[in-house]
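Below is a short report on one protein model. It covers sheets, single residues and a pocket.

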Amino acid sequence: MQFIKHDLGQLSGGETAEVTITNAANVRLLDSHNFIMYRSGRRFEYTGGHYEQSPVRFVIPRFGHWYVVVDLGGYAGEVGSSIRVLSEQTVSG
């Protein structure tokens, strides 16, 4: 399956990942373990789902290495995406 990977790196938890998509797509937040499972086609856990509009926002739940993946679920088409990570202060301030 083709997908777009955004490697967010190590995050403390509490930050917000804000994803912009150009077309409807599956947008998922995964920790490093679940990203490996996703990439290998095995069962994985994630936050997110199918979105038709952006921005899509995820609050990072805990310390760890995080990824956002964007895909079309095997359907034909194209999607583009961009991401920015906002600190807790940026979001609440």
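Which residue of strand 6 does Asn26 stand opposite? Asn26 faces Asp71 there.

This is a predicted model, in which local features need pLDDT of at least 70, side-chain atom pairs count only at pLDDT 80 or more, and totals for chains, interfaces and linings use all residues. Residues are numbered from 1 along each chain as its sequence is written, and side-chain values use heavy atoms, with hydrogens and water left out.

## The four-stranded sheet

Asn26 and Asp71 sit in a pairing of strand 3 (residues 25-31) with strand 6. The two strands run antiparallel and share 6 bridges. Helices (H or I, at least four residues) and strands (E, at least two) are DSSP runs, numbered from the N terminus. Two strands pair if DSSP finds at least two bridges between them.

This pairing belongs to an open sheet of 4 strands. The order is 1-6-3-4, with antiparallel pairing. Strand 1 (4-11) and strand 4 are the edges, each pairing on one side only. From one strand to the next, the twist averages 15°. Helix 1 packs on this sheet and touches strand 1, strand 3 and strand 6. Its direction makes about 130° with that of strand 3. Axes here are lines fitted to C-alpha atoms, for helices over the stretch in contact, and angles run from 0 to 180 degrees between N-to-C directions. Contact means heavy atoms within 4.5 Å.

Asp71 itself lies in strand 6 (residues 64-71). Asp71 is buried, because its relative accessible area is 1%. The scale is as follows: buried means under 20% relative accessible area, exposed over 50%, partly exposed in between (1.4 Å probe, protein chains only). Asp71 and His50 are 21 residues apart along the chain. Their C-alpha atoms are separated by 9.3 Å.

## The three-stranded sheet

A second pairing set holds 3 strands in an open sheet, order 5-2-7, again antiparallel. Strand 5 (56-59) and strand 7 (81-86) are its edge strands, each with pairing on one side only. Neighbouring strands are turned by 20° against each other on average, direction ignored.

Strand 2 (residues 16-21) is joined to strand 5 by 4 bridges. With strand 7, strand 2 forms 6 bridges. Why does strand 2 count as largely enclosed by the rest of the structure? Of its 6 residues, 5 are buried, so the strand is largely enclosed.

The table lists residues of strand 2 with their opposite numbers.

| Residue in strand 2 | Partner | Partner strand |
|---|---|---|
| Thr16 | Val59 | strand 5 |
| Glu18 | Arg57 | strand 5 |
| Ile21 | Ser81 | strand 7 |

In a regular strand the side chains alternate between the two faces of the sheet. Strand 5 shows the alternation. Val56 and Phe58 point to one face and are buried. Arg57 and Val59 point to the other face and are not buried.

Just before strand 5 comes a cis peptide bond, from Ser54 to Pro55, with omega near 10°. Pro55 lies in the loop between strand 4 and strand 5.

## Two loop residues

Where does Phe44 lie? Phe44 is in the loop between helix 1 (32-39) and strand 4 (47-51). Phe44 counts as partly exposed because its relative accessibility is 22%. Leaving out residues up to four places away in sequence, Phe44 touches Arg28, Leu30, Asn34, Met37 and Tyr38. Gly14 is 30 residues from Phe44 in sequence and 22 Å from it in space, C-alpha to C-alpha.

Asn23 occupies the loop between strand 2 and strand 3. Asn23 is partly exposed too, at 40% relative accessibility. With the same sequence exclusion of up to four places, Asn23 touches Glu78 and Val79. Asn23 and Lys5 are 18 residues apart along the chain, with 16 Å between their C-alpha atoms.

## The largest pocket

The largest pocket has a volume of about 180 Å³. On a 1 Å grid over the protein atoms alone, a pocket is an open set of points with protein on both sides within 12 Å along at least five of seven lines, and lining residues have an atom within 4 Å of a point. Grid points are joined across faces, edges and corners, and the volume is the space filled by probe spheres set on the points.

The lining comprises 13 residues. Gln2, Phe3, Leu72, Gly77 and Val79 lie nearest the centre. By type, the lining divides into 7 nonpolar, 4 polar and 2 charged residues. Ala, Val, Leu, Ile, Met, Phe, Trp, Tyr, Cys and Pro count as nonpolar, Asp, Glu, Lys and Arg as charged, and the others, Gly among them, as polar.

Notes
On a 1 Å grid over the protein atoms alone, a cavity is a set of points where a 1.4 Å probe fits but cannot get out, and a pocket is an open set with protein on both sides within 12 Å along at least five of seven lines; lining residues have an atom within 4 Å of a point.
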